[in-house]
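I set out to look through this protein chain step by step, and I keep these entries in the order in which I looked things up.

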Amino acid sequence: YNLASREAMYRFFGKWLLNEPARYAEFTEPAFTVPPEAVLRVFPDDTPPAGLPDAKEIIEQTIADTRAKWDAVLPENETDFEAFRAQYGAVLQDVTGARVPGPNELVCERTGFQEYPDYVLESWVLGRKGAGDAIPALFYRADDPAPQDAVLIAHGAGKAALADPDGRGPGPLVSALLAEGRAVLCIDAFLIGEHHAPDAPTERRREGNFMDTFQPTEAGNRVQDVLTAMAFLRARRDLTGRITLAGLEKAGLWCLFASAIDGGAAATLADINGFALDDDDAWVKDCYIPCIRAVGDVRTAAALIAPQRLTVMNTGAPDDGRWCGARVETAALPLDAIVEAIR
C-alpha cells in the first residue's frame with residue numbers, strides 16, 4: 001500500500017472495526033524510520049544456521065505432512081463417509097472453482113431435433129446465467145414415452161469420439177445404452193470439440209499475471225461443465241432423475257472430481273487413462289488445478305463419492321488403497337464391462 005491507501009484503510013478500520021469514527025476521521029500515519037536492511041533480514045549474511053532444512057527438504061516434509069493428514073481422516077466405513085463429507089465436502093469445490101448449479105441458474109438452448117427409428121436426437125447448448133459458458137451437447141433418448149434413467153458421458157476428445165466412425169449415428173457405447181432404454185448426454189467440455197475451429201487456440205485466453213487466483217483453470221472449467229450437464233439432466237421432466245456418469249480418456253479425472261462435488265451420481269466410471277497420479281509434473285501438464293494435491297486429489301474424490309458405486313479403470317497399477325473400496329481395473333474395460341459399470 002502507498003501512504004494514501006494506508007491512511008484510507010486506517011480510517012476505515014477505525015470507524016467500522018474500532019467503532020471510533022470521530023477519532024479516526026482525519027487519521028494520518030505517524031512518522032517512522034525504516035530500520036536498516038541488516039536488522040530486517042533473517043539471515044543478514046545469507047548464511048542460515050547449521051542444520052536448517054533447505055528448500056528441497058521443506059517441500060518433502062510438507063508433502064509428507066499433507067499425506068499423513070489425509071491418511072488420518074480418510075473414511076473406513078459407511079458412518080465415516082458421512083462424517084468425512086460433512087467435514088471436507090467443500091474442498092474440491094473450493095480448489096476447482098466448480099459447483100452444482102440450481103435448475104433456475106441454467107440457460108439451455110435446444111438447437112436441433114431429429115427422430116430416428118429407435119431414438120430421438122436433440123442438439124443443445126448448455127450454460128449458466130451470467131457465467132458466459134456454452135457447452136455443446138447431444139442428447140439421445142430411447143424411443144419410449146416412460147421416464148428414463150440417464151447417462152452422462154464426457155470424452156477427452158469430445159462428443160465426436162462417441163459417434164459412429166462413419167458419421168451416421170451414435171457409436172457403440174451410446175448405442176448399447178440406448179438399447180437398454182437409457183437416455184444419453186454427450187458433451188464437449190471447455191475448449192474441446194465444437195468450442196473452436198480446427199485452427200483456433202485450445203487454451204483459455206490469459207489476462208493479467210495472476211489469473212489462477214481469480215479464475216478456474218482449463219481442468220476446473222471442464223469439471224464445471226460436467227456439473228452443469230448433470231444439472232441439465234436432473235431438470236428434465238422426461239427423465240427419472242437417476243444419473244450415472246462416465247468419463248473416458250482424459251475426461252476421467254474431470255468426471256471423478258465432478259461426481260465427488262455433486263454427490264448424487266448413482267454410479268461413476270472414471271478412466272484414469274494411465275495418468276501418473278503421484279507425478280506433480282503430470283498434474284501441472286494434464287490436469288492443472290492449483291492445490292488439488294494438497295487436498296488429497298483422487299483419494300479425497302473417491303472418499304466423497306463413497307458409498308455410491310465407483311469404478312476406476314486403466315489405472316496402470318493395482319489398487320493401492322487410494323480408491324476407498326472402489327472397483328479398480330488396471331487396464332481399460334471392454335464395451336460390455338463399461339456398460340455394466342455404469343448400468
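I began with contacts in the protein chain between residues at least 6 apart in sequence, and I found that 60% of them join residues at least 24 apart. I note here that the model is a predicted one, and I read every entry below with that in mind.

Next I looked up the secondary structure and the overall extent: the protein chain has 13 helices and nine strands, and its C-alpha atoms fill a box of roughly 85 × 50 × 45 Å along the principal axes.

Then I asked what share of the 343 residues is buried. Buried residues make up 42% of them, with buried taken as under 20% relative accessible area. For the surface, I noted an accessible area of about 18,700 Å², of which 53% belongs to carbon and sulfur atoms.

I turned to the interior and found that the largest nonpolar core has 66 residues, among which L92, L185, L253, F257 and W323 touch the most other members. Helix 10, which spans residues 251-262, gives the most to this core, with nine residues. A second, separate core holds 24 residues, including L162, L177, I338 and I342.

I picked F257 for a longer look and asked which residues F257 touches, leaving out those up to four places away in sequence. The list is L92, V223, W283, C287, I289, I292, D297, V298 and A301.

My last entry concerns charge: the protein chain carries 33 positive and 52 negative charges, and the mean positions of these two sets are 5 Å apart.

Definitions and conventions:
Residues are numbered from 1 along each chain as its sequence is written. This is a predicted model: local features need pLDDT of at least 70, side-chain atom pairs count only at pLDDT 80 or more; totals for chains, interfaces and linings use all residues. Side-chain values use heavy atoms; hydrogens and water are left out. A nonpolar core is a set of buried Ala, Val, Leu, Ile, Met, Phe, Trp, Tyr and Cys residues joined through side-chain atoms within 4.5 Å. Buried means under 20% relative accessible area, exposed over 50%, partly exposed in between (1.4 Å probe, protein chains only). Helices (H or I, at least four residues) and strands (E, at least two) are DSSP runs, numbered from the N terminus. Contact means heavy atoms within 4.5 Å. Accessible areas come from the Shrake-Rupley method with a 1.4 Å probe; for residues, only the protein chains shown count as cover. Lys and Arg count as positive and Asp and Glu as negative; His and the chain ends are not counted. The place of a charge is taken as NZ of Lys, CZ of Arg, CG of Asp or CD of Glu.
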